[in-house]
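Colleague: I'm new to reading protein models and I'd like a close look at a single part. Could you pick one helix, walk me through it slowly, and then show me what lies around it and elsewhere?

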Amino acid sequence: MEVSVMSSSQAKICKTELGCRDLRSCFGKTNDQNRTFSRKPNTVSFDSQISRLRKAGLRFTVKAADSEPILEAKSSTSSKSLDRSRLFVGLPLDVVSDGTTVNQARAIAAGLKALKLLGVEGVELPVWWGVVENEEMGKYNWSGYLAVAEMVQKAGLKLHVSLCFHASSEPKVPLPKWVMKIGESQSSIFFTDRSGQHYQGCLSLAVDDLAVLDGKTPILVYQDFCENFKSIFSRFIGSTITGITMGLGPDGELRYPSHHKPAKSGTITGVGEFQCYDTNMLNLLKQYAEAKGNPLWGLGGPHDAPTYDQPPNSNNFFNEHGGSWESTYGDFFLSWYSSELVSHGNRLLSLASSIFGDSKVDVYGKVPLMHSWYKTRAHPSELTAGFYNTASRDGYEAVAEIFARNSCKIILPGMDLSDEHQPHDSFSSPELLLAQIQTTCNKHKVEVAGQNLASGAPGGLEQIKKNMLGENPIDLFTYQRMGAHFFSPEHFPSFTKFIRTFTCRQLSKRN
Amino acid sequence: MAAVTVDSLIQNPTLLFRSKSKVFAETVLAHWSVLGIGSFSSLGALALWLQDQASARRRLFPSNRIEKVEGKIFIRLDQSKNQQDWQLTVGCSLPGKWILHWGVSYIGDSGSEWDQPPKNMRPPGSIPIRDYAIDTPLNKPSKGDMFHEVKIDFNPSNEIAAIHFVLKDEETGAWYQHRGRDFKVPLVDYLEDDGNTVGAKRGFGVWSGALHQFSNVLLKAEASPADSPNNNNNESKDSKNKNRHLEGFYEELSIVKEVSVGNLVSVAVRKSLETSKLVLHLETDVPGNVVVHWGICRDDAKRWEIPAAPYPPETTLFKNKALRTLLQPKATGNRSGALFTLDEEVFGFLFVLKLDDNTWLKFEENDFYVPLSGASSVLGQHGQSESTSEEISSNSYTDGIINEIRNLVSGLSSEKTQKTQTKEAQESILQEIEQLAAEAYSIFRSSIATFPEEDVAETDTDTTKPTVKISSGTGSGFEILCQGFNWESHKSGRWYMELQEKASEISSLGFTVIWLPPPTESVSPEGYMPKDLYNLNSRYGTIDELKELVKSLHKVGLKVLGDVVLNHRCAHFKNQNGIWNIFGGRLNWDDRAVVADDPHFQGRGNKSSGDNFHAAPNIDHSQEFVRKDLKEWLGWLREEIGYDGWRLDFVRGFWGGYVKDYLDASEPYFAVGEYWDSLSYTYGEMDHNQDAHRQRIIDWINATNGTAGAFDVTTKGILHSALERCEYWRLSDQKGKPPGVVGWWPSRAVTFIENHDTGSTQGHWRFPGGKEMQGYAYILTHPGTPAVFYDHIFSHYRSEIAALISIRNRNQIHCRSMVKIVKAERDVYAAIIDEKVVMKIGPGYYEPPSDGPQRWSVALEGKDYKVWETS
């Protein structure tokens, strides 16, 4: 009989339009009698459970969405504190991979509903340059992404769009075909390392203002893309779409691709390499060196830097004591290298804020957490990535400054990383670095949003919690990322628990 | 898609028949329905949904291609005007040829069997189905109406306890049921409530023969409270029922039906009472001339055989291994069909369909298979057990989540007390979240691989139906390959004879497939420099010895792979410039058959579609005549020698699309290509991420359209580094999956650790010495199709290898088994496969969890490896 009780209770919910907007307002409103509703184990088949609950759920969701405004008013006591921390969940990177189709649309739809019910604010949607503008310049195909936006809107969730002007290796989303074609004959549009290897994950920042793309500069191409996006998604922007992240480089982050391959977790990462060897970067370096009166310094990058996977002390440049990084030459080179990155960031952020500034959306940019070797004096990983941040110099001042100037917010990934779980002897400290960047951002009144690494670090959820509710509370956190692992029995329960602790805190605050 | 459908039929084998009569096959023929396999009868009928091959190939985005029509089924019980009689109305708003398949149960009946309703209850147009049911078509009440309905009048004073029915759409053959069973409308108090009652405020379930696992049917229905006059109190209604007061009700549920995606093939079998033969009727609505390419099998191996005559009209023999029958158009509709008469002891009926445009219609990539033998159909049983385990795991999963959520709810419960309604609302949300997550998980999990051509259905079927999938790329899925030679095998000149002596030994070790050395005349003694392809006298033996060998291998149940070198061929003669590029023998090609881009051989063909092998003229596969000749040759090898499949040498040398062409023509049982190129290294150290390497192999498999598997060179390479340098972390990729081809496309990965090139006396890339057993502990417990090198089989490793094979077979690990990596650290790697086997390799410590649901006991232990199985 319990099944039938279940059904009738649902029917009542629908009728009375009771409903609570999400799980958060439900927690703490029960007692142990709830347990009497547990299903008979093994007697009801999986399928029928699904169908039963699905049916109920659909109906309920609709009602729940309808009743949202009322509840907003009802639960005003809690909404204030809830609104301060908004949680987003990233959609799968390949939610749209051919421009037109929403991959695994049914799973996405189910996932959106589940998130809505859990009380998640919205989802993050990666929009790939190589998907939308794949065939030829100026020919955009937004249909798949529009369909996703519709789904998100229908589910009553918010949408944070990440404009990705980079490529992804996993799942494989290359740069647009026509760009890659240009790259075949003109490899200097890509970042290049000392051994001449090209990084095809994004365009070199040195070509930002060079008309290398069939007579157009990449900045103009990005601009057209953003403007087209804005006009196509105008009906969502400001309502469903509440945030836009501007892609700034490799993996969307403001940095040089100092590691061509993604770092593997749990192992000690090498220092990476400087990426200043494409002809355009070398030209810039040459000009800079000549302007500084040291033309001989403009012929190439540091000769004594280690290679990708080597530790700092394997060559002279990053040596803890007396390394070239502390020399006049080192300062010359690192100043130039980092300032090129900052100018690049400024170009893109001002582009984004000029386009989206008049809309009701927040514009974000992602700054990486180059945490390995942070505990050495030279911070080699940050230096190769373009942040002139050492034991004696705050390299994030300039970065925070451009975000402040363009009224943009910073997304910091890696909020799930804790020092405790870093490999031994790695001199890595994600926590210290995070604290440093946050302090600098606070100084410049730049808001910081958080993100975790999609790979799922050990103890990650605990660390995220700590970061979100800690000294520098995070206004927006994007949890990465929906997919098989996310909904798996290994992960999903801990995610719901994660949300629960949020709720706990908010409840306890209220009391 | 097709697999899912059949699964659903199989998993519900007794769904449709609640008849007191055990003879139903005639019924099947009478109204051409789609039936499950009756587990209580030796006669089964099986219906299969198909998609045409073309769309199956483009299986990428199934959601896009599916047309959905939404509609409603409604059920109304009300009193007619004269206050005496009652009327049950069942209707459906979807277009279709709807049939109500119904019966009644009488007061005092026990069990759930149906009876014929009394004559006066039967609406006009009803057809009695034996002695237990009625088929009544639904009609439009008037021309203008959009819905179909049927009304059944009855007088509640007679002894009828309940009306039972299911709804069938004759157009699609789909059945619509209620909660997985027939709908039941109780007319008297019905204490034994078994869950499928209508009109008692229950959730509705729709089950449709073509649709399953929430993949196709979107369930949206709940009893609509607004329309129901008495929806808000079950108690009062129950009590009224007890007093034998009927209450009218109205309920509806929406259904979504998919249309126009597929064609239907239905197969019904009945036993002819006069001749004690089986009569199998096959019918399809695939348009045009349809040829059934068919045969029978006599055991589980599903090897095609030709049955004894008589055959249906328009039947011809095809290559001595199958029969071809042209289906005859039916008088009505656009269907065609044929009747096959088979001997009683036939084990199964195998077929594929060939359409007008030369496309083949298969079941997934496999033959259709209709089990005929024995009271318990193998298929049926298997499906059953599979579905049970699926259910349990799903339950335990969802239970896990609900407990989690419940904990958090109860953890806060002291804070406030709430009204009951809120509590229920909450519970429903919790349950819904749990269900949604489970659903999303199941879909995401099924398409976890990221290369675009991944067959989404593949992993889907993994868990539900590992047995019957035969494709040239995978064989049965349970294959274990023996590499039947080494680099020295040619030396004795009588290898075929030597191997023949070992045939039964190899088979008894548990191998299912054996790879023989290249059979053709060759410039090099090992056979990889072929010259006259039709001359099969080689250093391994004569053509007759080869035939003998294949025969004996078949006798012990081994499938035989021929090693075919298609990339290059040595010439017989020089051209006018003194270059060796003119061929002799039966395939006397000239230099147009040689690719143009190898300067050594001055070919006049097109540029090579792959890499060049520089020691011999590379064959230009873009030439029509070359392909035609090679296809004929492969067909000849199949027929003349009896090879079951191929090991394809140096497939890097030409486009995989040509391989597909060759495989489609030669229809191998199993095929594997050698795509061997270098892994990526940075400064002399192998990269952790070998995705680019495995992607190249995957790309090749894709080019063959999945018709061939490929040797998993990536896995071998990574095993080298992991074992040699004690870097076992390499055995997990960034996503926590196996890092080789086997992590991405397990069913097409042929895993191996050594072969005649890498090891043996050549040693081009020898597996780390002394660590071979760790390699085998890995590949023989993991998904993929493992291949074991001859030298290892006949070495001191033999008993350990045999033990691993027997663990694999015992636990039914197959090429699509699920592997869960639980440890990948510096000195130890451990994984759980299919929740049935745990393995670890490496010197480090690992023991399987002792607190989990399974109890693990050690099955095998050796130097730096250990394997457990459930006890």
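Modeller: Let's take helix H11(B), and start with its length. It has 18 residues, and at 1.5 Å a residue these should span 26 Å; the end C-alpha atoms are 25 Å apart, so the two values agree. Bear in mind that this is a predicted model.

Now for the sides of that helix. Which residues of H11(B) are buried? The list holds B:Val626, B:Arg627, B:Asp629, B:Leu630, B:Trp633, B:Leu634, B:Gly635, B:Trp636, B:Leu637, B:Arg638 and B:Ile641. You'll spot B:Arg627, B:Asp629 and B:Arg638 in there, and Asp and Arg count as charged. What covers these buried residues includes H10, E25, E28 and H12 of chain B. Right after the helix comes B:Gly642, with a positive phi near 95°.

Let's follow the cover outwards, beginning with H10(B). This helix runs over residues 543–555 of chain B, which makes 13 residues, and from first C-alpha to last it reaches 18 Å, close to the 18 Å expected at 1.5 Å a residue. Its buried residues are B:Ile543, B:Leu546, B:Leu549, B:Val550, B:Ser552 and B:Leu553. And what do they pack against? Our helix H11 (624–641) is one of the partners, together with helix H9 (495–508), strand E24 (513–515) and strand E25 (559–565), all in chain B. E25 should ring a bell, as it is also among the elements covering the buried residues of H11(B). H10(B) has a glycine with a positive phi just after it too: B:Gly557, at about 90°.

On to E28 and H12, two other parts of the cover of H11(B). Between strand E28 (645–649) and helix H12 (656–666) of chain B there is a loop, and B:Phe650 sits in it. Its phi is near 40°, a positive value in a residue other than glycine. Is B:Phe650 buried or exposed? Its relative accessible area is 16%, so it is buried, as the cut-off for that is under 20%.

You can set B:Glu835 beside it. This residue is found in the loop between strand E36 (829–833) and strand E37 (837–841) of chain B. Again phi is positive in a residue other than glycine, here near 60°. With a relative accessible area of 41%, though, B:Glu835 counts as partly exposed.

While we're in chain B, try a pair of helices. The axes of H16 (residues 772–779) and H18 (residues 798–810) come within 10 Å and cross at roughly 10°. That makes H16(B) roughly parallel to H18(B), because angles under 35 degrees count that way. On the H16(B) side the contact is made by B:Met773, B:Tyr776, B:Ala777 and B:Ile779, and on the H18(B) side by B:Glu800, B:Ile801, B:Leu804 and B:Arg808. Sorted by class, that gives 6 nonpolar residues, no polar ones and 2 charged ones.

For a strand residue in chain B, look at B:Ala133, in strand E6 (residues 133–137). It is buried, with a relative accessible area of 0%. Leaving aside neighbours within four places in sequence, B:Ala133 is in contact with B:His101, B:Trp102, B:Trp114, B:Gln116, B:Ile127 and B:Pro128. B:Phe165 is 32 residues away from B:Ala133 in sequence, and their C-alpha atoms are 8.9 Å apart in space.

Finally, hop over to chain A. Its secondary structure comes to 17 helices and 10 strands, and 60% of its 511 residues count as buried. One of its residues to look up is A:Gln451, in strand E9 (residues 448–451). At 6% relative accessibility, A:Gln451 counts as buried. Not counting residues up to four places away in sequence, A:Gln451 touches several others, among them A:Lys366, A:Pro413, A:Phe477 and A:Gln480. That last partner, A:Gln480, is joined to A:Arg481 by a cis peptide bond, with omega at about 0°. A:Arg481 lies in the loop between strand E10 (476–479) and helix H16 (484–487) of chain A. There's a cis peptide bond between A:Glu170 and A:Pro171 as well, again with omega at about 0°. You'll find A:Pro171 in the loop between strand E3 (158–164) and helix H8 (177–185) of chain A.

Definitions and conventions:
Residues are numbered from 1 along each chain as its sequence is written. Chains are lettered from A and ligands numbered from 1 in the order in which they are written. This is a predicted model: local features need pLDDT of at least 70, side-chain atom pairs count only at pLDDT 80 or more; totals for chains, interfaces and linings use all residues. Side-chain values use heavy atoms; hydrogens and water are left out. Helices (H or I, at least four residues) and strands (E, at least two) are DSSP runs, numbered from the N terminus. Buried means under 20% relative accessible area, exposed over 50%, partly exposed in between (1.4 Å probe, protein chains only). Contact means heavy atoms within 4.5 Å. Axes are lines fitted to C-alpha atoms, for helices over the stretch in contact, and angles run from 0 to 180 degrees between N-to-C directions. Angles under 35 degrees count as roughly parallel, over 145 as roughly antiparallel, 65 to 115 as roughly perpendicular and the rest as oblique. The expected span of a helix is 1.5 Å times one less than its number of residues.
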